[in-house]
Amino acid sequence: MLFFVVNLQAQTVVPSGLRVDLALHTNKVWKNGFPVSQNLEEVKRQPRVFQARRIASQKPWFTWMIDGEEPGAVAYQVLVASSARQLQSGTGDVWNSGRVAGKGVLPVEYNGKPLRPNTVYYWKVRVWNHKGVATSFSKPSAFLTDSVLKPYQPPPTLLEKSVQQPVSHRERGNGNRFYDFGKDAFGQISLMVKADGDKDTLLIHIGEAVNEKGGVDRKPRGTIRYRLVKLPLKKGQHRYQPVFEADKRNTGAKAIRMPEYIGEVFPFRYVEIEKTRGPVSVESVQRYMVNELFDEEAAVFESADTVLNQIWDLCKYTMKATSFTGLYVDGDRERIPYEADALINQLSHYATDAEFNMAKRTLAYLVYNPTWPTEWSLQNLLIAWYDYRYSGDIRLVRILYDQLRPKLLLPLARPDGLISTRTGLQDSAFSASIHYTAFDGKAVLKDIVDWPQKGGFGLPPDAPGEADNFVFTDYNSVVNAFHYQALLCMQELANALGKEEDAAFFQSRAAKLKKAFRLSFIDQVLGIVKDGEDTEHSSLHANMMALAFGLVPEQNKAAVLAHIRSKGMACSVYGAQFLLEALYDAGEADYGLELLTATGKRSWYNMLRTGSTLTTEAWDTDYKSNQDWNHAWGAAPANIIVSRLMGLTPLSPGFEKLSVKPRPGSLPHASLQLPTLRGRVAVSFIKTDTSFQMTTSLPANTGGRIYLPRRSDGDQVWMNGKRIVVPFEGDFWVIGDAAPGKANWRVDYTGNF
């Protein structure tokens, strides 16, 4: 019997990916950003020398993954100990949960002795599988509590440095040495230089772009970065790490500063060292890239379209490289968190790595440090909702709830529910309620729609901007579309917190607003959405936002989609997020894929063609004269590929239940691996003229709803080689109760697909 039990344990997957308050690597240590071998006890003794992901919550959450093809765990046991020796002996002297039964079982809230500040704790977990057999305990992990403990606080930022070598280097015709690191990154430079005397100075040109002669561009357009560093040399061979001087543009009062243990950074790809007069030898040039912890292997996407693959890589790398402050910021020009940037950053971060605390920290910051656009105040509710939906963690929303509610801007509404910033309702009490202080001397919100608007940022006065000539009136359809979506998000959050009366109120307001929106903004003759009540102009934005947020009546969708198609990409890289959401959700996958893989000037491919390796702030500098080359609000394709093209989204918070609803359009095949808190999800498909084949792998402790593209009632649906009969919803066959593990699906069609 003992032999039988041991073998069952060996066949059962041991928990891995242990997290405390959703943070990985809580047992690791860094020194000035570099990983080191010291343990957490050393961090405790020398907090100014070493760094770790400190835990500040009094009752942190424990989570883990169970990869494999089993149904999952039916019980767990967590041990928390005061020393590694105690844990190794199997003693949970701080907390022994015992065997706790429960389907899913995640997350688990700490329920032991009160945690003490600045203390190291050690923990491990085991689970019982669906057959009632216990696994071995996981590998032990540890965490260090913060100096002050609170009911809940997301773990603080932990920035990491990595040493990078140039991918190529050469001597230019003028004798200068030129180094290419392959991709742009926020970082620092390190050089090993040998000099015969102490009278030489190296002139080092550092930048993001090259000029037509193949050197570092010293006068780049927009705010593409360039810096000249003058480095006095000492006699002999020495390593030099020049310190970048702070830039007034991105170290102001509202900017996020770099921590002391990291120091100032600068975005660059290229280094050019001028030829010196004296005998000087540059032995090596290195870059120290700075970013928040990022798992390169977590998310993987590949498809039949090489352009789409390049765009995925561009966006994924952007999410890593632009995390250099630990909050979602606008790039390097200002280094200020903005709500619109944060929303797209958040969604694309979820699509490329299972990191959730950066969104939480950014939301907590933005609630008290808002920016000026009306729609962006409303986007706080979207950020909060997606945070809960993807992480399954409502704790931050519970703390911020009373501060989030004013972000709905309800005091700006008229009796039918439509809101306006231009009717004299913004007073000092309103501004105080949303924690807004003036950017330009007037503490009032202003409608933005898209950015830049007509004639902005040094462009010609007649330049159309990115708002498709939107006509601003007192009551703005785009603002009210966001208001409607914010109300729905707030309703869901109130329900999650058990605030039933509030949820009913938000639901009622949303229903009233929906009715008023359709009466006020939908053209009764053309069937499309107008920019406002006092104009007949119908921009791309008015129509795509209304469609994305479910405000277009079914009978109007054909007209709205035709109007959207006629506009092309008449929006910015920010607006493209909502355009693509609207198209895919309305069944326009072919057109969505066409826009994702476009190669014209207003495309993601153009970002690569111009020389950037990070998504840019605008489609091209021609459209925004001060744009930069390191702006992650341009990374929408990452989340669109995952949530729309591959169709992988959470149905319940934290992916306890998930949906796989691929919308491939004309794409013949693609595959995706996505990390979640519960484990890795894998989806791949092959589409031909006569069939659609898909393979899914769902982690333990999840359930799924599988959608397969439908063509007619004559389709034949198969699961693991066996024909099945399933219901359909619109253009999809639906399997509503897919179990964990691997499954092969196929739909056979008659005629052309």
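**Aromatic contacts and strand pairing**

In this predicted model, a cluster held together by ring pairs comprises Tyr-338, Trp-376, Phe-482, Phe-549, Tyr-574, Phe-578 and Trp-633. The count of aromatic pairs comes to 35. One aromatic pair is formed by Phe-728 and Trp-733, whose ring centres are 5.6 Å apart. The angle between the planes of Phe-728 and Trp-733 is 80°, and the pair is classed as edge-to-face because planes over 60 degrees apart fall in that class. The two partners were also assessed for accessibility. Phe-728 has a relative accessibility of 41% and is therefore partly exposed, the range for that class lying between 20% and 50%. Trp-733 has a relative accessible area of 8% and is therefore buried, the limit being under 20%.

Aromatic rings also take part in contacts with charged side chains. Arg-395 is placed over the face of Trp-61, and its distance from the ring centre is 4.1 Å. In a second case, the charged end of Arg-602 is positioned over the ring of Tyr-623, at 4.5 Å from the centre of that ring.

Strand 7, which spans residues 73-81, is largely enclosed by the rest of the structure, because eight of its nine residues are buried. Strands of a sheet pair through backbone hydrogen bonds, in either a parallel or an antiparallel manner. Strand 7 pairs in the antiparallel sense with strand 11 (residues 120-129), and eight bridges connect the two. Within this pairing, Val-78 is found opposite Val-125 of strand 11. Strand 9 (residues 100-101) is likewise an antiparallel partner of strand 7, through two bridges, and here Tyr-76 faces Val-100 of strand 9. Strand 8 (residues 95-96) runs antiparallel to strand 7 and is joined to it by two bridges. In this case Leu-79 is the residue opposite Asn-96 of strand 8.

Elsewhere, five strands make up an open sheet with mixed pairing, in the order 22-23-27-31-30. Its edges are strand 22 (648-650) and strand 30 (728-729), each of which pairs on one side only. Strand 22 is paired with strand 23 (residues 657-660) in the antiparallel sense, over three bridges. Across this pairing, Thr-649 lies opposite Ser-659 of strand 23. At the other edge, strand 30 covers 728-729, and Phe-728 is the partly exposed residue that forms the edge-to-face pair with Trp-733.

Methods:
Residues numbered from 1 in each chain as written. Predicted model: local features only at pLDDT ≥ 70, side-chain atom pairs only at ≥ 80, totals over all residues. Heavy atoms only, no water. Phe/Tyr/Trp six-rings, centres within 6.5 Å; stacked < 30°, edge-to-face > 60°. Buried < 20%, exposed > 50% of the residue type's maximum accessible area, 1.4 Å probe, protein only. Lys NZ or Arg CZ within 6 Å of the ring centre and 35° of its normal. Helix = DSSP H or I, 4+ residues; strand = E, 2+ residues; numbered from the N terminus. Pairing = 2+ DSSP bridges.
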